[in-house]
Structure formats: C-alpha cells, structure tokens
Amino acid sequence: MAAASKSVTRTPVLIVGAGPVGLGLAADLGWRGVPCLVVEQGDGSIGHPRATAENARTMELFRRWGIADRVKEAGTPPDFPHTVLYLTSLTGYEIARIDRPGHGGAARTAISPERPQRCNQLWLDPILRDFATGFPSVTLKMRTRFESFVEKDGHIVATVTDLAGGETNTIEADYLVACCGGASSIQKTLGIAMNGVPALEYNLNIFFRVKELWNFHDKGKAALHFFADAQGIWRTLVQLDGRELWRLGIRGRWHYENPDKVDASAMINAMVGREIPHEVVSSLPWVARDLVADRYGKGRVFLAGDAAHQNTPSGGFGLNTGMGDVSDLGWKLAALVQGWGGPRLIDSYEAERRPVAARIVKQATDNFLRDRKRPSHPEIAMDTPAGAEARRKMGAAILESQSKVYLTDGTALGQVYDNSPIICDDGTPPPEASVSEYRPTTRPGARAPHAWIADGRSTLDLFGRGFTLVKLGDAPDASAFEAAFASRRVPFASVTLDDPEIAALYERRLVLVRPDGHVAWRGDKPPPDPLAVVDRVRGA
Ligand SMILES: Cc1cc2nc3c(=O)[nH]c(=O)nc-3n(C[C@H](O)[C@H](O)[C@H](O)COP(=O)(O)OP(=O)(O)OC[C@H]3O[C@@H](n4cnc5c(N)ncnc54)[C@H](O)[C@@H]3O)c2cc1C
C-alpha cells in the first residue's frame, strides 16, 4: 500500500533531474532571482565519466554566470593539447592527426571571449551544483524521485517519493521541466514520442587510471584517440583530466551485454600495444541514439537536455545542446514567473530549440557513421607496402571528412532561431550554414557577435538579465523605443558602442539583444511601432 502524502510544497518551477541540464537550469533561474525546486533521485555521486567537451557557446553561458574560470581550473590543464589522433595502437602507426589550436586555455580569439574546454562531468556537475544551490531561491532535494503529475486549475500537481524515508509528498508548481534524461514518466504522460533511431550502436566504456600514459608511447599528448584494425574503427580512448584518468570506449553488442566477461586489462594493453601498469575504476554499458522529441512540451510542461534529444557522443554535442536549451528556457521562465513575459514565450521554446537539436543530432549520427562504416584493410597495422598504402588512404579520408567533427565553431556559435514567433525577422537571407566556420551576423535570431570593447570586456558581457539595445556609432534617438520597454515593465538597458569596427560587425545602428544573447530585432531607425516590437519579443 502506498505511504500517505506527508507534505505539500509550492514552487514556481519544478525541475526533475539534477544532471548538468537540470542543474544548469536551476543555476540560470537562481541567477535571475527566480525560485525553483530540483528533485533528483540519485545522491549526486558520479560513478562514471560521461561528457567532457564544452563548446565555446556553453563556456559563454558559464561566463555569463561567472563560473567559466572555475570550469577551466577544474578541467584539463590549459596547455594540454585537444589533439585528435587516429592510430593502429598507441605504440603502433599514426594514421591521422587533427590539431585543435583554438581549444583550451584562455588566449584570446576573435569569435568568442571563451574557447572550447574539456572539463568532465566528474568536476563540472559539482561546480554547477555548488553554484546553483548558492542562490537562496534554489532548493535541491536529493534522493527524491518524481513519480507523476497532473495539470489542475492552471498549475502542476506533482507526486514525489522521498527515497530515504519512503513517504510520498506533493509539489505544486506553475511550471514543470523534465531534465530527467528521458528517464521519468513525463514524456509518456504528455504523449510525446522520441523520433529517430533508439539504438544506433551498443557500447561499453572502461574508466581506468594510468599516470601520464603518454610516457609509454611516442605519439605525445592528445585528447581523443581512435584505433583502427582490420575490423575497422571500434575503439576510442578519451583523456579526461590531463593527468591520469582515461576512458576506453568499445563498440559492439557483445561487450555491452557482457561487461563482466570483458577482459578490461587485455583491452587496455591491446590499445597501447604493450602491457602497462593500470587500475580499472568502473565500466558503463551505454547505447548510442539518434532521437529528438516530437514536441518540446505541452502547456506548463517543458522538456530539456537528453529528455528532448539524444545523440551519439561523436562531436561532443549532448550536454552542449542541453545547455543551449537552458539558455533559451531560463529567461523565458523568468519572464513568465516575474510577469513581464507573454504566453507566446511557451511555444517559442520548441520553435527555437527543436530545429537546432534536429540538425545537431543528425550531425552527430553522420559523424558516427562515417567512422563506423570506414573501410579498413587486413594489413592496416602491418609493416608492409599494402599496410602503408591502406594507412595513407584512410588518413587522407579521415582528414577530409572528420575535421568537421572536431572543429565545430559554426555549430556552436552559429545557431539561428529562424521561424521563431518572438523574433522580428527583417527579411534578410540566412547566412549559409557551416559546421566548422562561424560567420558573425546580427540577423534576427542569431547570437549577437562577440567583439572586445575598450574596457577589456566582450560585447557578450553586456547581455544577460534583461533586453539590451546596442546603439552603434551615430545611432538615432531611440527614446520612444526605450520607453516602450519601461511601459511593459521589461528589464532593459541601452549601451552605446563607438568603435567603428564593432559598428561594422553589428551591421545596423540599433541592435536589440535578448537576455540569452540572441538578436531579437535590428534596424538603422527605431521601429515605427515600438510597443508592437516589445510585445512581440516578450511573447505577448
Ligand atoms: C560516453 C558519453 C560521452 C559523452 N560525451 C559528451 C561530450 O563530450 N560533450 C557533450 O556535450 N555531451 C556528451 N555526452 C552526452 C551528455 O552526457 C548528456 O547529453 C548529458 O549528460 C545530458 O544531461 P541531462 O542533464 O539532460 O541528463 P542526465 O545527465 O541523464 O541527467 C538526468 C538526471 O535526472 C535524474 N532522474 C531521472 N529520472 C528521475 C526521476 N523520475 N526523479 C528524479 N530524478 C530523475 C537522473 O538520476 C539524472 O541525474 C556524452 C554521453 C556519453 C554516454
């Protein structure tokens, strides 16, 4: 018999799941002063390392919150190369090498104030948890399982179980966000399906420790390693901390289904090409998927992160796409809870984020299949002329196709929210999409470009809690436009930038940037009906 309901708690936003996306959303809401409650069935411990790669856009979000430096310090040391190697074994032949000089460290680049970093969830999740729970308005309840919900009288009534005490409690909320990785009952209750391929490949990961593995071979330090043999490319090695922690990934259903029968030590030694001292820490069977939810929510309920999209790790996109959801949803929930946002904000979340996820999930699957289907050669690891020729051919094909797996500034920074109901489209054509190259634009829907301003800050440091009207060069008087924000009680500020290079980069004399850093409207003159623009961008 179910235990009696013990307590009723009330919160504006109930978040299910304290993985990186649930914690990130709680952090963003806390940073905006919006109360929220996160329930997590686990105890916060992380047994096995998953995501490691944060792209520049995710790092920009961490910068906005003021935690980018903590993430950099906790992750791979700044001088550790983010190089990608294709090999026969660590002591065998090198087939291809992709250097990523724009990754890691803190040296300035022209396209972002932040560079992609490597900080595994082993360290990232605790940083996000500390940061989120540092806000008095954020409550995190561990060992609490979300069971079910109903929507009643314009709010959510959820049932949760306290796993320590066993009692059932009720939480009433204005909004519910599934950040459960797809593991809770929320999608099912809403009748939302995950479309795509539920199982592209079965895998087993082995987490192990070897101090400075690079001292046992001649290929030097690298972040990612792929190993080819006569069967093709089915093993990967990921460096996790720049020191001693590694993850060997093995593809294949037998390994997935028989983790206890896999000789992890033999696998590690085979990958090195000789016996080395090592300590196996843990293993994790997991499935590579290609899935996007057909809806991103219904009514007062939203899906974010892996609850909305799941892809293969090829390209390092899952957590980053989830952080993009956080950046989009956080300010919209804040606007709804604080009363200055309108109902179209709700639909705009799916309209903006679902097409981005669909593109990225496809990109991850393409990346994955290219390597998985890459033809090998029986002599690929042999010291024979046929072996050398096979390695040369495979190396050339890898460089041709895989650079865009690892150099993805266009995917990270070039996300444009076309067809959004809360963006003022100005009719200009969309820039040509590129995976590897980011092309700055202030076309409405795009991320407002980065440039360094005179006081050493980035233009991005000007955006965040409210809307920002950027006035460039000899911008015309915009006081009626500014007054329209005040009359609708929308958080708002104007900034003037005189630098002619930034004026050229920003393309128009007035550029309106949303709280998530995307352009909402632009023009050389203020809009003829300022209130109509303000109402559109606040979803009224
Ligand atoms: C091997 C591997 C490597 C990866 N590498 C990368 C990478 O380099 N870069 C990248 O961007 N992504 C990467 N990813 C993907 C990344 O790990 C995920 O996209 C990310 O963890 C998703 O975060 P999330 O918070 O949405 O979901 P999750 O991390 O799955 O968290 C969901 C949380 O919800 C909790 N929960 C579930 N149901 C309930 C319930 N009923 N009640 C309460 N709590 C509940 C769970 O306990 C869990 O803590 C990788 C994934 C794998 C498997």
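This report describes the overall build of a predicted protein model and then the surroundings of one strand, β13.

Because the model is predicted, local features need pLDDT of at least 70 and side-chain atom pairs count only at pLDDT 80 or more, while totals for chains, interfaces and linings use all residues. Residues are numbered from 1 along each chain as its sequence is written.

The protein chain holds 14 helices and 22 strands, these being DSSP runs numbered from the N terminus (helices H or I, at least four residues; strands E, at least two). With a radius of gyration of 24 Å, close to the 24 Å given by the globule rule for 540 residues, the protein chain is as compact as a globular protein of that length; the radius is taken over C-alpha atoms, and the rule is 2.2 Å times the number of residues to the power 0.38. Of the 540 residues, 50% count as buried, that is, 20 or more other C-beta atoms, placed from the backbone, lie within 10 Å of the residue's own.

Strand β13 (residues 232-239) has six of its eight residues buried, so it is largely enclosed by the rest of the structure. Its pairings, for which DSSP must find at least two bridges between the strands, are set out below.

| Strand paired with β13 | Sense | Bridges | Opposite residues |
|---|---|---|---|
| β12 (residues 224-229) | antiparallel | six bridges | F226 and T236 |
| β14 (residues 245-251) | antiparallel | five bridges | V238 and R247 |

A hairpin through two residues joins β12 to β13, whereas the hairpin of β13 and β14 has five residues between the strands, and there G242 takes a positive phi near 75 degrees.

Definitions and conventions: Buried ≥ 20, exposed ≤ 12 C-beta atoms within 10 Å, placed from the backbone.
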